[in-house]
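Me: I am new to this one and would like to know how each label is earned. Could you take me through it?

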Amino acid sequence: MSTETTTTRIPWRTARNQQDWWRSAVIYQVYVRSFQDSDGDGIGDLTGVRARLPYLRSLGVDGIWLNPFYPSPQHDHGYDVSDYFSVHPDYGTLESFDRLVHDAHRLDLKVLIDIVPNHCSIEHPWFAAALAAGPGSLERERFHFADGRGENGELPPNNWRSIFGGSAWQRVTEPDGSPGQWYLHSFAPEQADFNWLHPDVTAHFEQVLRFWLDRGVDGIRIDVAHGLHKADGLPDHENAMDDELTGDPLNPLAWNQPAVHKVWRRWRTIAEGYTMLTGRERVLIGEVGVLDTEQLALYQRPDELHQSFYFEFLRAHWDRQTLYDVVNRGLGTIAASGSSVAWVLNNHDMPRSVTRYGGGAPGVDTGDVDLGTLRARAAALLMLALPGAAYVYQGEELGLPEVTDLPVDVLADPMFHRSQGVRRGRDGCRVPLPWAASQDGFGFSSGDPWLPQPDWFADHAVDRQLSSGESMLHLYRETLALRQQRLPALAGDEFRWLRTDPGVLAFTRGDGFACVVNCSSRVVPAPVNGELLLASHEEAGERLPPNSAAWYLLPESTEAVGEAA
């Protein structure tokens, strides 16, 4: 049988030292509002996160990323920041944040936080000052204010559209009560875009960056890192409507401007300064929404961001060829830039993988949950076997499906309201976690959770899963423990695809490690001869059931036993 393989050499090493921890780390995303409530108000908080740190340590992750916890009117649940130097009272205080960082570090967990530099709340003091100062003022130059078109300025300054729906411009009422200028908001009207050509904006965010690095955070997740700068003159674009229709940043005049790379080079210099000063590497992780992998890789050049999320992996359909192509592009472009790929299957902006893989959708139906769960279990083994870092969204380790039938009157996502309900929004993946099956609020809160939890959440509760050896939680714990154990053997610069039967994905890494994923609907023979280390399905071994994955320890010389793909 042919043993021909495709070999990719990865130009970086898996590393676990203080200076390279981010390259292969597994980071757990904490949506603070929905993680754990400590005071009974139905809203998660920093003290609640701190109380659950032992759970995260036992899960086997290397750190946590906290979604925004800053003061905010909560029009987009924290991504409309009114004060970048404090903590929203619902979430705690600066002191509770400091205690969280201290305890996380004591447990050897890194702490990353979210910074939102593209826009701020219209309740931010700068924006309030801009409204009060009027047209032509210095205060308005910190944002994108412009006169409207039309006879009386009644039309927006250009044809750009908001990602959340509708025009990307909002008209203001001037101090004298007359209809006035318009301001740019790439997302909700309550989120005014900063003008990054203004030196005050640059200086402000460097101060923000230093403030939180001084408080000991290990990294920054940068929201909308492909934003900030706009094309000179803010001209119309013939396909501007695509941003609204798809929810993706497709308008080339509004996104991914070359000038943004100068910002990240400056931020990298600041982060490197803290690394040199403290001996702990401080990292920058970008939410870069560009769809072209070559463009994405530019953000991860050695003097810019350390990493950016590889969303193409999250968007990939459950199909052998699709996954093969996506992984190849990630390793061939992002890793080739000298960085490492940040793999992600779930986050707070996308329907949960169990529902996606089962054919469901928010506001439509849950799909085939059993099928989605099988595929999500297999996808977890795939993601955690690949070279690079991985980001796990809270509840992913519990196998939570999307809550697709939330009552309309509780939906809070501006995406739902701006689209007049055409787009269901993201609330379904943000429902508070179930910790204890028999407790009120499933152990999340002694009060009423800010979003209602369905009764079937009991089946996914942490306590119930801990008592079941075949649960998704046990699978994640075992996989993460084995990943940590096997990291020395995975070190090296070689990643090899194996020839397999149709519908089967298989590769080897380092010293005798293999991952096999059966994306097909039939039982297949494993394309490797080796010792089974771990599997997503209890019947996996020499043969793999449909929609399953397995890890193997190979002898020094191994042969592929499947048909050539």
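Reply: Happy to! Let us begin with a cap.

Me: What makes D368 a cap for the N-terminal end of α12?

Reply: A side-chain oxygen of D368 lies 3.3 Å from the backbone nitrogen of D370. A polar contact is a pair of N or O atoms within 3.5 Å, where within protein one must be able to donate a hydrogen and the other to accept it, and residues adjacent in sequence count only if both atoms are side-chain atoms. So at 3.3 Å this pair is inside the limit of 3.5 Å. Before we go on: this is a predicted model, in which local features need pLDDT of at least 70 and side-chain atom pairs count only at pLDDT 80 or more, while totals for chains, interfaces and linings use all residues. Residues are numbered from 1 along each chain as its sequence is written, and side-chain values use heavy atoms, with hydrogens and water left out.

Me: How do you know that the span of helix α12 agrees with its number of residues?

Reply: Helices are DSSP runs of H or I with at least four residues, strands are runs of E with at least two, and both are numbered from the N terminus. The expected span of a helix is 1.5 Å times one less than its number of residues. For the 17 residues of α12 (369-385) that gives 24 Å, and the end C-alpha atoms are 24 Å apart, so the two agree.

Me: Why is α12 called mostly covered?

Reply: Because 12 of its 17 residues are buried, which means under 20% relative accessible area (exposed is over 50%, partly exposed in between, with a 1.4 Å probe and protein chains only). Among them are G372, R375 and L384.

Me: How do you know that C515 and C519 are not bonded to each other?

Reply: A disulfide is a pair of cysteine sulfur atoms within 2.5 Å. The sulfur of C519 is 10.0 Å from the closest cysteine sulfur, in C515, so the gap is too far for a bond. The structure holds 0 disulfides. Both cysteines count as buried, because C515 has 1% relative accessibility and C519 has 9%.

Me: What makes β4 and β10 a pair?

Reply: Two strands pair if DSSP finds at least two bridges between them. Strands β4 (110-115) and β10 (219-222) have 4 bridges, in the parallel sense, and L112 stands opposite G219 in β10. Both strands belong to a closed barrel of 8 strands, running β2-β3-β4-β10-β11-β12-β13-β14 with parallel pairing.

Me: Why are β6 and β7 called edges?

Reply: They belong to an open sheet of 3 strands, in the order β6-β8-β7, with antiparallel pairing. Each of β6 (145-146) and β7 (169-173) has a single partner strand, so one side of each is left without a neighbour in the sheet. β6 and β8 (179-184) pair over 2 bridges, which meets the minimum of at least two. In β8, W182 is the bridge partner of A146.

Me: Why is H229 called buried?

Reply: Its relative accessible area is 9%, under the 20% limit, so the label fits. H229 sits in the loop between β10 and α6 (242-246). Contact means heavy atoms within 4.5 Å, and, leaving aside neighbours within four places in sequence, H229 is in contact with residues including W196, Q257 and V263.

Me: And what makes L411 buried?

Reply: L411 has a relative accessible area of 7%, so L411 counts as buried too. L411 is found in the loop between β14 (389-393) and α13 (414-418).
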